[in-house]
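Visitor: Could you take me through one helix of this protein up close, and then show me how the rest is arranged around it?

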Amino acid sequence: MNIAILGDGRLGGEIGVALGNRSGIRPLILGRPATGRHPVAALAGIELIFDASLGPSVRDNVEGALSAGVRRFVIATTAWSDDQPAVDASLRRAGASAVAAPNFSVAVNLFFRLVDTAVGLYGPIAAFDPYVLEWHHAAKSDRPSGTARELLRRIVAAHPRKRGVRDLDADGPADPELVEIAVLRAGAGPGMHLVGFDAPGETLELRLTARDRSAYAAGAVAAADWLTARPRVPGIHPFDEVVDDLLAVPVPVALPA
Ligand SMILES: NC(=O)c1ccc[n+]([C@@H]2O[C@H](COP(=O)([O-])OP(=O)(O)OC[C@H]3O[C@@H](n4cnc5c(N)ncnc54)[C@H](OP(=O)(O)O)[C@@H]3O)[C@@H](O)[C@H]2O)c1
C-alpha cells in the first residue's frame, strides 16, 4: 500500500518507524509545503495518509489529499477542532473515511474510560473535587493538550456539579462549578496526564505517563489497519471504534498448569 505521512516532526518520524518495523513499508514523509496545500502531483497514487502536522494545516492537508484521490486518513494532529465540521463534510462528500483522535495510545483510550467510571463513582460525592494536570515537552504548541481537552470534556459531560472548565489565566479562588486544569510545558516528556479527585482527608489520582511516542504510533497504525480491513462509513470515526474492535478479539491467556 502506498502511504504518506504529512508531518516530518517527532510523531511523523515515529509513525514511519512503526510502519517500517512492522511490514517494511517505507512511507513518503512530507513536511510543510511551500504553498498552503501539498500539490496534487506530490500525492499521486497515495492510498492512505497519516496526518501528523500542526492543527492549522489539517483542513488544507485533507482537502488537498482528497483532490489527489486519497480516501483513507488517520488524523493524529491536535488543535483543529474548529475545522472538524468542515473536514467531516469534505470527507463525506468524497466518500472518504478518517479515524481522528487527540491521542492514539490504546492505554490512553482505556484511561478515558477509567475516568468516565471514576467520575460516575466520585462525582456524586460532594467532598471530592475533580482536577486535571498535564505535562508535555517544552516545544508543544497547544495548551491544554488535545488529550487534556478530551478528559475535561468527559468530566464535564458526566459530572453532576461541574458545568465547564476554568480559564487557564483566571485569578482568584476555584469556582466550584468549573474543573481546574494545570498545564506544564518543560523538558522533553512526550505526555503525562493526571486526573484527580480531592477530598478533605484523601486524594484519588489516576495518571498515565508516556515514556516515548511508540504507543501513539502503534495506535495510529492500528487505526490504518482498521480503515483498510473493510470499507468504512464516510466521515470521521473516533479511535474508540478501533479500540472496541481490538478489545473484541479474544487474547489467548496462558493459564498456570
Ligand atoms: N494523536 C496522538 O496520539 C498524538 C501524539 C503526539 C502528538 N500529537 C500531535 O501531533 C502533531 C504533531 O506532533 P509532533 O510532536 O510531531 O510536532 P512537531 O515535531 O512540531 O512536527 C510537526 C511537523 O509538521 C510540519 N508541518 C506543518 N504543516 C504541515 C503540513 N501542511 N504538511 C506537512 N507537515 C507540516 C511542521 O513543519 P514546521 O516546522 O514548518 O511548522 C513540523 O515539522 C501535534 O498536533 C501534536 O499535538 C498527537
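Guide: Here's a walk along one helix, followed by the domains, the ligand shell and one buried residue. Keep in mind that this is a predicted model.

Let's start with helix α4, residues 106–122. With 17 residues at 1.5 Å a residue, α4 should span 24 Å, and its end C-alpha atoms are indeed 24 Å apart, so the two values agree. Now look at which residues are tucked in: Val-108, Asn-109, Phe-112, Val-115 and Val-119 are the buried ones of α4. They cover an arc of only 110° around the axis, so they sit on the same side of α4. That pattern fits a general rule: an α-helix has 3.6 residues a turn, so residues three or four places apart point the same way. Flip to the face turned away from the buried side of α4 and you'll find the exposed residues Arg-113, Thr-117, Gly-120 and Leu-121.

So what covers the buried residues of α4? The cover includes three strands and two helices by name: β6 (129–136), β9 (192–199) and β10 (202–209), along with α5 (146–158) and α7 (239–248).

Zooming out, the domain assignment splits the protein into domain 1 (3–104 + 214–248) and domain 2 (106–209). Their C-alpha centres lie 27 Å apart. Across the boundary, 12 residues of domain 1 are in contact with 11 residues of domain 2. On the domain 1 side, α6 (214–229) and α7 each supply at least two of the touching residues. The largest share there, four residues, comes from α7, the helix that also helps cover the buried residues of α4. By class, that side of domain 1 has seven nonpolar, four polar and one charged residues.

Next, the ligand. It is surrounded by 27 residues, the closest being Gly-9, Leu-11, Ser-53, Ser-57 and Tyr-216. Helix α1 (residues 10–23) gives the largest share of this shell, three residues. Sorted by class, the shell has 12 nonpolar, 11 polar and four charged residues.

One of those closest residues, Ser-53, leads on to Asn-61, which touches Ser-53 as well as Leu-6, His-38 and Asp-51, leaving aside residues up to four places away in sequence. Asn-61 lies in helix α2 (residues 58–67). With 28 other C-beta atoms within 10 Å, Asn-61 counts as buried, because the cut-off for that is 20 or more. Finally, the C-alpha atoms of Asn-61 and Val-87 are separated by 9.9 Å, with the two residues 26 places apart along the chain.

Technical notes:
Residues numbered from 1 in each chain as written. Predicted model: local features only at pLDDT ≥ 70, side-chain atom pairs only at ≥ 80, totals over all residues. Expected span 1.5 Å × (residues − 1). Buried ≥ 20, exposed ≤ 12 C-beta atoms within 10 Å, placed from the backbone. Arc of directions from axis to C-beta. Contact = placed C-beta atoms within 7 Å. Near = placed C-beta within 6 Å. Nonpolar A, V, L, I, M, F, W, Y, C, P; charged D, E, K, R; others polar. Domains from an automatic or database assignment.
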